[in-house]
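Let's take a walk through a protein model together. Keep the 3D view open and turn it as you read.

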Amino acid sequence: MQILLYDTTLRDGTQREGLSLSVEDKLKIARELDLLGVHYIEGGWPGSNPKDAEFFRRIRRIELHHARIAAFGSTRRADAACETDANIQALVDADTPVVTLVGKSSTLHVEQVLETTRQENLAMIADSVAYFKERGKEVVYDAEHFFDGYKLDAAYALATLSAAARAGADCLVLCDTNGGSLPHEVTEIVQAVRRHLANEGFAHSDAGRGPTLGIHTHNDGALAVANAIAAVRAGCVHVQGTINGYGERCGNMDLIPLIANLQLKLGYRCITPKQLRRLSEVSHYVAAVANLNPDTHAPFVGHSAFAHKGGIHVAAVAKVADSYQHIDPELVGNQMRIVVSELSGRGNVRMRARELGLDLNGNEQVVLQRIKELENRGFQFEAAEGSFEMLVRRAAPDYQPPFELLDFTVVVSKHGANDMTSQAMVKLKIGDEIMHTAAEGAGPVNALDMAIRKALLPHYPELANVQLVDYKVRIVDEHLGTAAKPRVLIESACGEERWSTVGCSENIIEASFMALWDSLELPLARRRAPAKYQAGTDR
Ligand SMILES: [Zn+2]
């Protein structure tokens, strides 16, 4: 049976404390989710901030292969018309194929939070759903606090679903907004909802008539995934969640283990087996873009999820890999590791090079060794395909670097009450020519960037179109307790082409310098020797 995945990382996920995504970040994650095979991507709440409105404008120009984009907003205000409701109109302006409307299911919220009548709330739901159905949208109706509302007043909670169903909603999503439900309660309530809808003539199974059922859970009782699975087994076919379970308080339902469990343990179809093998990569990629450390102990995709340490386990897995593993880690793109001997070889190097359209020409071992060395020093290539590509290119014996950076000096100064100034001087080599340049910048990294470009531009005018679009720093805490190191991720763009590069050093300027170097060398190297195809880099 096919399950429809609805990702809300870009909306509900960003409610997590300390998580903030730029429009660029959101677009990158959306592309990645699309490649993973997610069916719906909720981009944000266009009525709540201009950033989300910009996302919807820009995502329209991006070709997606699987996913439909949804905009989120609430039902119309009490005693108002949809036509004059700013939030509803922002949803119209977002111009998405799917509109997700959230409405109240609980009498407590209707009467004490919204301070309106039960009858008016039903009209708000019906009017808002009908408004978007008339405009040809696919409408997902999120029944907020459904489980709590049901426990308080089942008849009313069910009446809100009927109102949405009668108005033409395509999917009714039961939300455990406070995250306190237990799996057996979810099962019972989903079954009760199905009986109710069938009695009202809305059984989805009857020749496709009526809305499908969905589930949206939160993790306050550490049961979000368990509750979603209970709901699916009771008949929900649409599941809402976020990558890595990002979300407010204790998080949303984590789509990563949900997909793996539904598909590998219960035989449901969510994505293709090939897409499933990208699960680990997607989890780590989204963490990197969100500037959060991936949870190394995350089920299925964590670095330690299939790590075996010492003694009996190692001896056993050496004989029979499955003896201490609940699944074959490769099914989700992870791998078994023997911790004591650090045999954590990067079996995916060849695959990733192939994805980039690059030929390793028997240099696997060199590249592998180099990656291992650099990752030990704090580099991370998961979200830095550009640096990975440079590593592969430089490993080729006939590789001719378009330039070489020989040395640099950065001076940052502040005199009295004056502003800070930053200057950089660089010495670099192009062919046989040695160049010295200096430049000022808004900060030390900017000054460095300006000075390098000053030297390169006369030889490589095409670099004028290369822009640095994002710069991120994260502190890498090395496990041996030595000093924390900054890791710098730079995102560059030239038209529609994008690439990310990485640098890591105790010195943040040096880390930035490494990432800058790769970011400027890559477009020149690509121009000289284009990869066979570059689908994998465009994200
Ligand atoms: Zn939620």
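Before we start, one bit of vocabulary: a residue counts as buried when its relative accessible area is under 20%, as exposed when it is over 50%, and as partly exposed in between. Also keep in mind that what you see is a predicted model.

Let's try those words out on an aromatic pair. Trp-517 has a relative accessibility of 23%, so it counts as partly exposed. Its partner, Phe-403, has just 1%, so Phe-403 counts as buried. The rings of Phe-403 and Trp-517 are stacked, with 6.4 Å from centre to centre and 25° between the planes. Now trace the chain between them: Phe-403 sits in the loop between helix 16 (385–395) and strand 11 (404–413), while Trp-517 belongs to helix 18 (residues 508–528), so this pair links distant parts of the chain, 114 residues apart. These two have company as well, since Phe-403, Phe-408, Phe-513 and Trp-517 form one aromatic cluster.

How many aromatic pairs are there? The count comes to 9. Another of them is made by Tyr-131 and Phe-132, whose ring centres are 5.3 Å apart and whose planes stand at 90°, so this pair is edge-to-face. Both Tyr-131 and Phe-132 are buried.

Next, charges. Side chains of opposite charge can pair when their charged atoms come close. Searching the whole structure turns up 33 salt bridges. Take Arg-68 and Glu-138, whose side chains meet in a salt bridge with 2.3 Å from N to O. Arg-68 lies in strand 3 (residues 68–74) and Glu-138 in strand 5 (residues 138–144), so the bridge ties together parts that are 70 residues apart in sequence. Is each partner buried or partly exposed? Glu-138 counts as buried, because its relative accessibility is 17%, while Arg-68 is partly exposed at 36%.

Glu-134 and Arg-135 also meet in a salt bridge, this one at 3.9 Å from N to O. With 66% relative accessibility, Glu-134 counts as exposed, and Arg-135 is partly exposed at 39%. Then find Lys-151 and Glu-185, a salt bridge whose closest N and O atoms are 3.2 Å apart. Lys-151 is in helix 6 (residues 146–152) and Glu-185 in helix 8 (residues 183–199), so here again distant parts of the chain are linked, 34 residues apart. Both ends are partly exposed: Lys-151 has a relative accessible area of 44%, and Glu-185 has 21%. Salt bridges can share partners too, and in this way Glu-24, Glu-54, Arg-58 and Arg-498 are joined into one network.

Now look for the metal. Which residues are the protein donors of the zinc ion? They are Asp-12 (through OD), His-216 (NE2) and His-218 (NE2), and they lie 2.1 to 2.2 Å from the zinc. Along the chain, the donors follow the spacing D-x203-H-x1-H. Asp-12 is in the loop between strand 1 (4–7) and helix 1 (23–36), and His-216 is in strand 7 (residues 212–217), so the pair ties together parts that are 204 residues apart in sequence. At 4% relative accessibility Asp-12 counts as buried, and His-216 is buried too, at 5%.

Finally, the empty spaces. Rolling a probe the size of a water molecule over the atoms shows where empty space is left. There are 3 cavities of 30 Å³ or more in this structure. The largest has a volume of about 100 Å³, and its lining includes Lys-28, Tyr-285, Asp-470 and Ser-500. Helix 12 (279–289), strand 14 (467–476) and strand 15 (485–494) each supply at least two of the lining residues. Sorted by class, this lining has 7 nonpolar, 1 polar and 4 charged residues.

The second largest cavity holds about 80 Å³ of space. Among the residues lining it are Asn-291, Pro-294, Gln-380 and Arg-487. Helix 12, strand 14 and strand 15 are the elements that give two or more residues to this second lining. Strand 14 gives the most, with 3 residues. By class, the second lining divides into 6 nonpolar, 3 polar and 3 charged residues.

Conventions. Residues are numbered from 1 along each chain as its sequence is written. Side-chain values use heavy atoms; hydrogens and water are left out. A salt bridge is a side-chain nitrogen of Lys or Arg within 4 Å of a carboxyl oxygen of Asp or Glu. Helices (H or I, at least four residues) and strands (E, at least two) are DSSP runs, numbered from the N terminus. Buried means under 20% relative accessible area, exposed over 50%, partly exposed in between (1.4 Å probe, protein chains only). Donors are N, O and S atoms within 2.8 Å of the metal (3.2 Å for Na, K and Ca); water is not among the atoms, so sites may look incomplete. On a 1 Å grid over the protein atoms alone, a cavity is a set of points where a 1.4 Å probe fits but cannot get out, and a pocket is an open set with protein on both sides within 12 Å along at least five of seven lines; lining residues have an atom within 4 Å of a point. Grid points are joined across faces, edges and corners, and a volume is the space filled by probe spheres set on the points. Ala, Val, Leu, Ile, Met, Phe, Trp, Tyr, Cys and Pro count as nonpolar, Asp, Glu, Lys and Arg as charged, and the others, Gly among them, as polar. Rings of Phe, Tyr and Trp (its six-membered ring) pair if their centres lie within 6.5 Å; planes under 30 degrees apart count as stacked, over 60 as edge-to-face and the rest as tilted.
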